[in-house]
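Q: I should like a close look at one part of this protein. Please take a single strand and describe its surroundings in a connected account.

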Amino acid sequence: MTASDAGRGAGPDAGRMIGRAVPRVHAPRLVRGQGHFVDDIDDAGALHAVVLRSRVAHGRITRFDPAAALAGGEALLVLGPDEIERFTDPIPTAWRIPGQLTGTVALGDRTVRYVGQPIGLVVARSRALAEDVAELVAVDIDPLPAAIGLAAALAPDAPRLHPEAPDNIGGRIHFGDDPAALDAVLAAAPHVVEREFAVQRINHSPMEPRGLLAEWIPATGRLTVHSSTQSPHAVRQELATALRLRVDHVRVVTPDVGGSFGGKVTLYVDEALVCLAAVRLGRRVKWIEDRTENLSSSYQGRGQRARARLALDADGRFLALAAEITGDLGAFAIQAGSGPFQVTGLALEGPYRFPHAGATITAVHTNTVPTGAYRGYGMQEAAWIRERLIDEAARELGHDPVRLRLHNLLGPDELPYTTRTGLTYDSGDYPAALRRAAELARERARESTGTVRRGVAVTASVEITGFAPSALLELFRIDWAGWESARVRVNQDGTVTVFAGVIPVGQGIETTLAQIVADRLGVPLDWVAVELGDTATAPYSDLTSQASRSVTLAGGALVRAAGRMRERMHALAAAHLGAPPDEVVLDGAQFRWPAGNATTGWSEVAARGWRGWGRPDPDRIRLEESVDFDPPAITYSYSAHGAAVAVDLETAEVTVEDYWTVNDSGVLVNPAIADGQIVGGVVQGLGIALVEEAVHDPATGRPLATGFTDYVLPVCADVPPVTVEHRCTPSTVIPGGFKGLGEGGVIPAPATVAGAVAAAVPHIAHRLTATPLKPERIWAALSEAKELSEAGELPGAGDDRG
Amino acid sequence: MKPAPFEYRAAGTLDEALALLDPPGRSIAPLAGGQSLVPLLNLRRVRPAVVLDLNRLTELAGVEVTDTAVLVGAMTRLHDLERHEGLRAALPVVPQTAARVAHRQIRHRATLGGSLCHADPAAQLAATAVALGATLRLRRAGGERTVPAAEFFTGPHRTARRPDELLTAVSFPRRPGFRYRFEAVTRRGGAGFPLVGVCVGVRLEAGAVAEARIAACGVADRPLRLTGAERALAGYGAAAADGALGEIADAAVAGSRPPSDLHGSAEFRGDLLRAVLRRAAVHLLTEGS
Amino acid sequence: MPIEPTSSTPISLSVNGAAHTAEAEDRTLLSDFLRHGLGLTGTHVACEQGVCGACTVLVDGEPVRSCLMLARQADGCRVETVEGLAEDGRPAPLQQAMTDEHGLQCGFCTPGVLMGLTYAHRAGLSADQAVTEVLRGHLCRCTGYAGIRAAVERHWQGEEATA
């Protein structure tokens with residue numbers, strides 16, 4: 001089939017693809033059960049691994065005896081600490097914090113530091129058999145005192161996790177105004193609102209857990225790993241380090257990935273062990289994480305506390321915002337390490353004008369599973385602190401919360417604007433978005449009925465997208481490359497193949513990138529195939545599809561690459577037709593030269609191009625254009641969110657009855673995909689706000705929510721209709737004008753819901769400082785308010801039950 | 001995870017199943033709907049030597065309505081219980097309670113007998129069985145006995161069923177003049193477990209409660225009959241409902257022993273018990289008349 | 001403690017209209033039997049605890065968490081999986097509605113959602129009931145359920161799928 005076939009879809013709209021809500025190109029395959037996830041790869045002959053994990057939170061392994069497991073012959077390999085240590089090196093951390101001395105994650109350590117920490121691996125012919133023999137490995141661990149949670153880890157007599165981190169402090173940094181200067185401003189301010197905030201640990205809970213199929217071919221010394229990862233290049237680098245291999249001898253391939261959300265961005269110890277097993281055995285070894293493992297041993301997100309203060313003058317003008325943030329690293333500083341806590345400090349100010357602002361971040365080691373990236377990291381925690389403080393200030397000082405926000409929001413004429421912590425916002429109209437959200441709030445507010453109290457609230461936030469200029473990462477000494485690369489190839493038959501380093505994890509990037517290329521080349525969408533996720537063919541990408549950077553950076557690169565390819569195709573067509581290049585137009589599958597009344601097919605031009613016929617340049621023959629794009633600056637999306645909630649005073653249940661967002665992410669490539677990202681993000685935010693919490697037993701450190709019965713995800717019954725409205729301020733730094741939107745949905749959602757709860761039950765508003773706002777937490781606050789009211793200490797609250 | 005090894009046996013008849021259980025020795029897990037047992041097998045928290053599949057025992061499925069009772073076979077699926085016309089007319093609280101369990105896909109598989117024998121302290125149907133004073137029919141090879149629901153549940157996931165017995169049927173008495181209501185506060189999430197639930201039955205005379213039967217789930221290590229609250233409720237009528245319910249709820253909480261766990265403290269569950277009891281009572285005394 | 005040998009038994013069942021006979025270990029779950037025994041990997045396994053709904057298939061027309069059913073229990077049964085929904089090589093209307101309404105993102109929960117909703121539609125449930133009684137039993141981490149609800153609306157309204 002050639003591109004000139006009419007059946008390929010060349011129509012009047014062909015080429016105008018940016019801004020169209022076309023269906024996802026992979027959807028027809030996925031709805032027919034033709035997904036190709038790791039566990040779907042033909043595993044005939046592969047061996048199956050089970051990970052042995054620590055059952056204690058802190059201790060020394062005194063015995064690891066595989067004899068009984070090996071005795072029957074069912075276990076083909078048992079890896080224990082000795083063998084692991086002999087054949088591996090630690091996995092390095094990428095993002096450090098000043099003072100940080102623990103820069104790696106050890107593989108064969110005889111000290112265990114959290115329940116669920118991998119300590120060994122068993123390989124057998126089937127998963128069930130591997131689980132059978134895993135039970136026969138004798139492991140003794142001498143328990144040590146454990147520090148579960150931030151308070152325990154920071155206690156004066158706390159057990160120490162790492163000798164190099166005294167007091168369990170993994171590092172400290174300050175952003176923004178000097179702490180002493182901030183204290184002075186706060187001391188002199190007419191009004192200061194101060195609260196202690198907390199955001200719980202979250203499990204990413206992708207529907208597909210992690211998993212990999214590793215193949216080592218002894219003859220060639222090459223390791224090929226199919227892995228459900230978000231970051232194949234990073235994993236390849238980490239695997240090479242951990243297993244002492246050359247990078248070019250490791251190939252990492254990502255098949256379909258069933259969700260990630262930041263949870264599959266780095267090499268995990270258990271994944272390295274599976275690969276080590278493949279190397280040791282010279283066989284294919286497969287491991288699929290089960291849900292219990294996922295909920296207890298996969299790295300988590302969030303987990304921080306903050307003391308924060310907002311100072312205002314008599315007119316409600318913000319004077320200062322200060323926060324002391326304490327982040328729970330868990331047992332190790334993994335890849336992103338303290339990054340999420342640092343971003344909280346950097347993003348604290350949001351879209352408001354603060355004459356003074358600053359944040360001190362302290363990263364703390366605890367005897368629990370490490371934390372790392374989770375969708376919207378730092379920014380969600382920052383919005384929680386800031387927007388709750390603003391709502392509380394409005395309540396305490398008697399201001400309307402919307403007017404207080406509008407009073408302090410940065411106006412469009414103030415952009416670009418650099419915050420006190422050094423972020424430079426590029427463009428947008430923040431007040432316009434908030435005014436629209438407030439208008440929707442007025443329309444959607446509903447009355448309280450009986451024991452059901454209702455409230456609405458709106459919030460404002462910004463989203464760091466297109467992270468990040470490589471020079472900025474160098475400045476912060478973060479060991480990542482910020483740039484992206486993308487390649488457009490017009491094949492011999494005129495079809496188009498696109499290669500990029502970003503990864504499809506369900507967000508629809510393969511569709512949006514195809515749209516960008518089809519649009520710029522002027523060809524129908526179904527001529528374009530997007531190839532992602534194989535380190536053997538994909539351009540190098542370190543950060544891949546994290547930090548709302550896929551469309552901005554890979555898309556930005558493709559705008560340029562496809563633009564160049566379009567020029568080359570037109571030039572080749574013109575040469576073939578003997579026409580001036582600017583007189584040739586692409587019309588469907590045909591290049592036309594109206595003045596010369598001549599045409600040639602797109603596919604014919606492609607075929608001639610690959611033959612080198614008519615090439616203008618002997619050094620540039622193959623029809624490929626590759627562009628590296630290192631963004632000159634971060635580009636910022638922004639949004640205003642609104643929620644309407646109902647609080648049942650009898651059961652303390654919070655129901656989100658309505659939700660709306662006004663979002664500006666610049667030029668949208670596919671509005672339906674954009675809406676899907678925003679709504680999906682909002683609902684993950686509702687999970688943080690109301691139900692999700694990765695809890696550990698404070699005494700033993702055992703994870704308590706190890707199944708979806710206890711780790712509660714929102715179901716459709718919990719989710720209101722979410723209205724998404726868009727505004728468009730094109731990015732000034734990204735080709736195509738795109739801004740990212742992968743995280744904007746989740747960032748303000750918990751604060752928005754809490755604001756609405758505060759409006760519904762203002763007498764407990766001061767207690768709404770920690771998520772999730774689960775019924776018991778609301779109930780405790782209501783009970784306390786009722787007792788105070790009955791004791792005459794809180795006039796006006798009354799017995800709400802009538 | 002995958003289950004630890006076990007032997008699968010499917011019984012074709014009740015007698016065959018009972019013969020397999022006799023004499024007791026090997027650990028045998030009867031498999032009904034599997035919605036509670038199989039997750040435990042998959043997690044290796046339950047490791048029977050034999051899994052005895054009862055799903056072919058169609059003789060144990062069905063609902064029979066008589067003038068004095070409703071007899072429900074242990075292998076009746078909750079979804080069938082929910083939509084059984086005769087049952088909906090005779091004892092509507094049973095289908096109403098069944099409909100509060102999880103969601104349709106689960107109810108298509110889960111059975112009444114399986115739910116009762118699993119004996120989750122928060123299970124809805126157990127509370128309703130206790131409130132109604134149901135009797136459970138237990139068969140063993142060559143014998144049968146009946147056990148009142150209130151005596152069947154002996155602790156969390158523990159019942160009076162002996163290893164060689166199978167629960168074959170549940171008889172729900174039709175008490176003349178009684179009307180019932182089930183109310184629950186359900187945990188969020190896909191599984192839809194109740195935090196606290198209550199089944200309240202009243203017989204009214206001249207607009208006032210002559211007799212009450214109350215049992216709750218999620219407020220103790222087993223479904224609990226709340227006799228104190230029953231006594232407190234007796235004598236109250238619709239007109240008095242508002243002011244009096246506080247005392248009745250207090251009596252209920254006083255008679256309960258709620259657990260504290262990840263999803264709620266004992267105190268919180270106590271307040272939820274007040275809420276669901278109040279709802280059920282208000283419904284029965286006002287809207288339901 | 002030695003590993004006890006586990007026994008396998010051949011079972012026969014119909015899957016998407018085709019007869020299959022294959023060995024199943026006593027402890028093998030229907031989900032694993034379909035995926036690894038028959039190679040029908042469209043049915044996904046995401047929790048093995050019966051909560052997420054990703055592994056939902058129809059057994060004799062009724063929705064079943066295939067991770068909560070032993071393969072041997074399906075002996076003699078009629079099983080339908082996501083692979084059987086398309087008719088004559090064309091996507092079923094519900095599949096088309098899910099595609100058009102962006103009812104999926106990563107697509108991992110999708111096969112189970114499709115089977116649950118297929119049951120709901122055949123059982124004569126209203127669109128509202130399909131959401132409140134059936135979709136409620138499925139976890140989706142990506143979409144926030146908006147696209148799935150839109151697909152339900154479209155499918156239940158019986159609109160012609162747009163090409």
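A: The account below concerns strand 12 of chain A and its neighbours in a predicted model, and ends with the contact between the two chains.

Strand 12 of chain A covers residues 222-227, and five of these six residues are buried, so the strand is largely enclosed by the rest of the structure. A residue is termed buried here if 20 or more other C-beta atoms lie within 10 Å of its own.

Strand 12 of chain A pairs with strand 11 of chain A (residues 211-217) in antiparallel fashion, through six bridges. Within this pairing, A:V225 of strand 12 is the bridge partner of A:A214. The two strands form a hairpin with four residues between them, and in this hairpin A:G221 adopts a positive phi near 65°.

Strand 12 of chain A is also joined to strand 13 of chain A (residues 250-253), here by four bridges and with the strands running parallel. In this case A:T224 has A:R251 of strand 13 as its bridge partner. The parallel pair belongs to a right-handed β-α-β unit, in which helix 7 of chain A (residues 232-243) is the helical member alongside strands 12 and 13.

As for the contact between the chains, 21 residues of chain A and 18 residues of chain B take part. On the side of chain A, helix 4 (127-134) and helix 20 (775-790) are the elements that give two or more residues. Helix 4 of chain A provides the largest share, four residues. By class, this side of chain A comprises ten nonpolar, three polar and eight charged residues.

Definitions and conventions: Residues numbered from 1 in each chain as written. Chains lettered and ligands numbered in written order. Predicted model: local features only at pLDDT ≥ 70, side-chain atom pairs only at ≥ 80, totals over all residues. Contact = placed C-beta atoms within 7 Å. Nonpolar A, V, L, I, M, F, W, Y, C, P; charged D, E, K, R; others polar. Buried ≥ 20, exposed ≤ 12 C-beta atoms within 10 Å, placed from the backbone. Pairing = 2+ DSSP bridges. Right-handed = clockwise from strand over helix to strand, strands pointing away.
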